[in-house]
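Could you walk me through this fold in the viewer, one selection at a time? I would like to know what to click next and what sits there.

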Amino acid sequence: MEEKQRIIQELVPGRQITLAHIIANPDNILYEKLGLNPAIEYSKSAIGVLTVSPAETAIIIADIAIKSSGVDLGFVDRFSGSVIITGTVSEVEAAIQAILSYTEGTLGYTVCPITRT
């Protein structure tokens, strides 16, 4: 009788920010499709989108975002590592720069460049 092998797989995510994107002057429909409050968000002029692993780091980067500039949190998912912030273009950019600086310099993460549309 042949012995069966047991294989155990683990997900070991890297410590990295894989997306740091600024959407300047998005159409109003984008706010609605993202589930953001249109009454509040229409007055904003930018959306910031970030993804991070390990996913729990989303909590830390959300905290850095709101403390570093006047952005509002649109969405934080500690399970997928997604964070959406809204504010003026300069607020969103300042928040993302603060996030990248802290995660790279203090936490030792690999970070991506900021992209824009």
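Start by colouring the chain by pLDDT, the predictor's confidence in each residue, from 0 to 100. Among the elements of the chain, helix α2 (residues 38–41) has the lowest mean pLDDT, 61, and α4 has the highest, 97. Helices (H or I, at least four residues) and strands (E, at least two) are DSSP runs, numbered from the N terminus. For the chain, the mean pLDDT is 88, and 88% of the residues reach 70 or more.

A word on ground rules: this is a predicted model, in which local features need pLDDT of at least 70 and side-chain atom pairs count only at pLDDT 80 or more, while totals for chains, interfaces and linings use all residues. Residues are numbered from 1 along each chain as its sequence is written, and side-chain values use heavy atoms, leaving out hydrogens and water.

**Stop one: the strands**

Select strand β4, residues 82–87. Five of its six residues are buried, so β4 is largely enclosed by the rest of the structure. Here buried means under 20% relative accessible area, exposed means over 50%, and partly exposed is in between (1.4 Å probe, protein chains only).

Now add strand β3, residues 72–77, which runs antiparallel to β4 and is joined to it by five bridges. Two strands count as paired if DSSP finds at least two bridges between them. Look for Asp77, which stands opposite Ser82 in β4. β3 and β4 form a hairpin with four residues between them, and Gly81 in the turn has a positive phi of about 80°.

Next, bring in β2, which is antiparallel to β4 and shares six bridges with it. Two pairs to click are Gly48 with its bridge partner Ile85 in β4, and Thr51 opposite Ser82 in β4. How many of the eight residues of β2 are buried? Seven are, so β2 is largely enclosed by the rest of the structure.

Then add β1, which is joined to β2 by eight bridges in an antiparallel arrangement. Gln16 stands opposite Ser53 in β2.

**Stop two: Ala20**

Stay in strand β1 (residues 16–24) and zoom in on Ala20. Is Ala20 buried or exposed? Its relative accessibility is 0%, so Ala20 counts as buried. Measure from Ala20 to Leu50, C-alpha to C-alpha: they are 4.6 Å apart in space and 30 residues apart in sequence. Not counting residues up to four places away in sequence, Ala20 touches Val49, Leu50, Ile96, Leu100, Cys112, Pro113, Ile114 and Thr115. A contact here means heavy atoms within 4.5 Å.

**Stop three: two loops**

Move to the loop between β1 and α1 (28–33) and pick Asn25. Phi of Asn25 is near 50°, a positive value in a residue other than glycine. Asn25 is exposed, with a relative accessible area of 58%.

Now jump to Pro54, in the loop between β2 (46–53) and α3 (57–68). Show the backbone there: the peptide bond from Ser53 to Pro54 is cis, with omega near 0°.

**Last stop: helix α4**

Finish by selecting Tyr102 in helix α4 (residues 89–105). Tyr102 is partly exposed, with a relative accessible area of 34%.
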